Amino acid sequence: MSRMPIIAKRAASFNPAPEGPQQAVCVDVVDLGMEEEQWGEDEAKLKPKVRIMWHSVEVDPETKKPYAIVEKYTLSLHEKAKLRATLESWRGKKFTDEEAEGFDLETLLGVNAYISIVHNKQWANISAIMPLPKGMPPIPITKGFVRKVDRDATPTKPDHHEDGFPSDDDIPF
């Protein structure tokens, strides 16, 4: 059975997106599956989670790449859900009951937004999101960016020989 490699690397420097309002484009939506969530004294519960990533129009002067802003959500359109509030603010309108029955998050890819960034420790968080103002030209998805789902689809080389056992050549150190 083939396995996915787990690669340890030297930590790269990370610069969060600058604080303040800026234009951004949704570049990825990642299904994180079920994750444990604890609220107060209640038992931990498994909830479906999703991660949405935007690239800012602002460029990191060190890497020459757009800043990435990432938010994690419970995959829910319940009236009190953070995801629903974010999507409604981004859309500039509330979901109808019919729309709230199911919304394909993949349709967010390439959609621009006007976001406000605040820093929380070393992270850049979205404090507000709204539709792109009329007349503001949209920015495209960053050239060369590969979505996580597409990176995960890259085949890995087998780590064992036909007999199922690794050889000395397979030991990297």
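Hi everyone, let's start at the surface: this chain exposes about 12500 Å², and carbon and sulfur atoms supply 56% of that area. Please keep in mind that what you see is a predicted model.

Now the inside. Of the 173 residues in the chain, buried ones make up 27%. As for contacts with a separation of 6 or more, 54% of them are between residues 24 or more positions apart.

How many helices and strands does the chain have? There are 2 helices and 5 strands. Reading from the N terminus, the order is β-β-β-α-β-β-α.

Let's walk through the strand pairs. Strand 2, residues 45-59, and strand 3, residues 66-74, are antiparallel partners joined over 8 bridges. If you'd like a place to look, find Arg 51, whose bridge partner in strand 3 is Lys 72. These two strands make a hairpin with 6 residues between them.

Stay with that hairpin for a moment, and look for Lys 64 in the loop between strand 2 and strand 3. Its phi is near 65°, which is positive even though the residue is not a glycine. For background, most residues other than glycine have a negative phi. Is Lys 64 buried or exposed? Lys 64 counts as exposed because its relative accessible area is 63%, and the cut-off for exposed is over 50%.

On to the next pair. Strand 4 covers residues 112-120, and it runs antiparallel to strand 5, residues 123-130, with 7 bridges between the two. Here you can spot Ile 117 facing its bridge partner in strand 5, Ile 126. This is a hairpin too, with 2 residues between the strands, and Lys 121 in the turn has a positive phi of about 60°.

Strand 4 has another neighbor to show you. Strand 1, residues 20-37, is joined to strand 4 by 6 bridges, again in the antiparallel sense. One spot to check is Val 25, which stands opposite Asn 112 in strand 4.

Last stop: helix 1, residues 82-91, where we find Arg 84. Why do we call Arg 84 buried? Because its relative accessible area is 8%, and buried means under 20%. Leaving out residues up to four places away in sequence, Arg 84 touches Ser 76, Leu 77, His 78, Glu 79, Phe 95 and Ala 100.

So if you open the model later, here are two residues to visit: Lys 64, exposed in its loop, and Arg 84, buried in helix 1. Thanks for listening!

Terms used: Residues are numbered from 1 along each chain as its sequence is written. This is a predicted model: local features need pLDDT of at least 70, side-chain atom pairs count only at pLDDT 80 or more; totals for chains, interfaces and linings use all residues. Side-chain values use heavy atoms; hydrogens and water are left out. Two strands pair if DSSP finds at least two bridges between them. Helices (H or I, at least four residues) and strands (E, at least two) are DSSP runs, numbered from the N terminus. Buried means under 20% relative accessible area, exposed over 50%, partly exposed in between (1.4 Å probe, protein chains only). Contact means heavy atoms within 4.5 Å. Accessible areas come from the Shrake-Rupley method with a 1.4 Å probe; for residues, only the protein chains shown count as cover.
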